[in-house]
Amino acid sequence: MEFKRCPNCGGPLQAFRPLTAEEKAFVRKEKPGFPPEAYVRCTREGCRRYQRILNWKDGGDFPPPDDT
C-alpha cells in the first residue's frame, strides 16, 4: 500500500492499493498510453479515484457501482 495525494479526497495523504483484474480491464480501455499496472486506486471509503503511481494528475474515476 502506498500513500499519495488524492484530488477527490483532499486533506492528508490517502492509502492507495494495486488495481484488481476488473479495474485493470477498465483502466486499459480508458488510459491506453500506460499499462494498468502503472495505476493504483484510493482506498478511502466511497472514493472511486484511480491514478498513475508516478503522476497523480493522470487518473480518473471508476463508474459508480451498479446496484441492480
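The following dialogue reads a predicted model, taking its strands, several residues and its largest pocket in turn.

Trainee: Let us start with the strands. In which sense do strand β1 and strand β2 pair, and over how many bridges?

Mentor: To read a pairing, one looks for the bridges between two strands and for their sense. Strand β1 covers residues 2–4 and strand β2 covers residues 14–18; the two are antiparallel and share 3 bridges. One residue that shows this register is Lys4, whose bridge partner in β2 is Gln14.

Trainee: How many bridges link β2 to strand β3?

Mentor: Strand β3, residues 39–42, pairs with β2 over 3 bridges, again in the antiparallel sense. Two positions fix the register: Phe16 stands opposite Cys42 in β3, and Pro18 stands opposite Val40 in β3.

Trainee: Which strand does β3 join through 3 bridges, and how do the two run?

Mentor: That strand is β4, residues 49–52, and it runs antiparallel to β3. Here Tyr39 has Arg52 as its bridge partner in β4, while Val40 stands opposite Gln51.

Trainee: How should the connection between β3 and β4 be read, and which residue in the turn has a positive phi?

Mentor: For a hairpin, one notes the residues between the strands and the backbone angles in the turn. β3 and β4 form a hairpin with 6 residues between them, and Gly46 in the turn has a positive phi of about 90 degrees.

Trainee: Through how many residues does a hairpin join β4 to β5?

Mentor: That hairpin joins them through 2 residues. β4 and β5 pair in the antiparallel sense over 4 bridges, and Gln51 has Gly59 as its bridge partner in β5. Gln51 of β4 thus appears in two registers, facing Val40 and bridging to Gly59.

Trainee: Are the two faces of β4 covered or open?

Mentor: To answer that, one examines the residues on each side of the strand. In β4 both faces are covered: Arg49 and Gln51 on one side are buried, as are Tyr50 and Arg52 on the other.

Trainee: Let us turn to single residues. Why does Lys4 count as buried?

Mentor: Burial is judged from relative accessible area, with the buried class lying under 20%. Lys4 is buried because its relative accessible area is 16%. This residue sits in strand β1, and its side chain makes a polar contact of 3.2 Å with the side chain of Glu2. Beyond its sequence neighbours up to four places away, Lys4 touches Leu13, Gln14, Phe16, Val40, Gln51 and Ile53.

Trainee: Is Ala15 buried or exposed?

Mentor: Ala15, in strand β2, counts as buried at 11% relative accessibility. Leaving out residues up to four places away, Ala15 touches residues including Met1, Phe3, Arg41 and Cys42. A separation in sequence may also be set beside one in space: Ala15 and Asn55 are 40 residues apart in sequence and 15 Å apart from C-alpha to C-alpha.

Trainee: Why is Asp58 classed as buried, although it is a charged residue?

Mentor: The class rests on area, not on residue type. Asp58 is buried because its relative accessible area is 14%. The residue lies in strand β5, residues 55–61, and a polar contact of 2.8 Å joins its side chain to that of Arg52. Apart from residues up to four places away in sequence, Asp58 touches Lys31, Phe34, Tyr39, Arg49, Gln51 and Arg52.

Trainee: Which residues line the largest pocket?

Mentor: A pocket is read from its volume and then from its lining. The largest pocket has a volume of about 170 Å³, and its lining consists of Glu22, Glu23, Phe26, Arg41, Arg48, Phe62, Pro63 and Pro65. By class, 4 of these are nonpolar, 4 are charged and none is polar. Helix α1, residues 21–30, supplies the largest share of the lining, 3 residues.

Trainee: Where does Pro63, one of those lining residues, lie, and what does it contact?

Mentor: Pro63 lies in the segment after β5. At 48% relative accessibility, Pro63 counts as partly exposed. Outside its neighbours within four places in sequence, Pro63 is in contact with Phe26 and Arg48. Pro63 and Arg48 are 15 residues apart in sequence and 7.4 Å apart in space, from C-alpha to C-alpha.

Conventions
Residues are numbered from 1 along each chain as its sequence is written. This is a predicted model: local features need pLDDT of at least 70, side-chain atom pairs count only at pLDDT 80 or more; totals for chains, interfaces and linings use all residues. Side-chain values use heavy atoms; hydrogens and water are left out. Two strands pair if DSSP finds at least two bridges between them. Buried means under 20% relative accessible area, exposed over 50%, partly exposed in between (1.4 Å probe, protein chains only). A polar contact is a pair of N or O atoms within 3.5 Å; within protein, one must be able to donate a hydrogen and the other to accept it, and residues adjacent in sequence count only if both atoms are side-chain atoms. Contact means heavy atoms within 4.5 Å. On a 1 Å grid over the protein atoms alone, a cavity is a set of points where a 1.4 Å probe fits but cannot get out, and a pocket is an open set with protein on both sides within 12 Å along at least five of seven lines; lining residues have an atom within 4 Å of a point. Grid points are joined across faces, edges and corners, and a volume is the space filled by probe spheres set on the points. Ala, Val, Leu, Ile, Met, Phe, Trp, Tyr, Cys and Pro count as nonpolar, Asp, Glu, Lys and Arg as charged, and the others, Gly among them, as polar.
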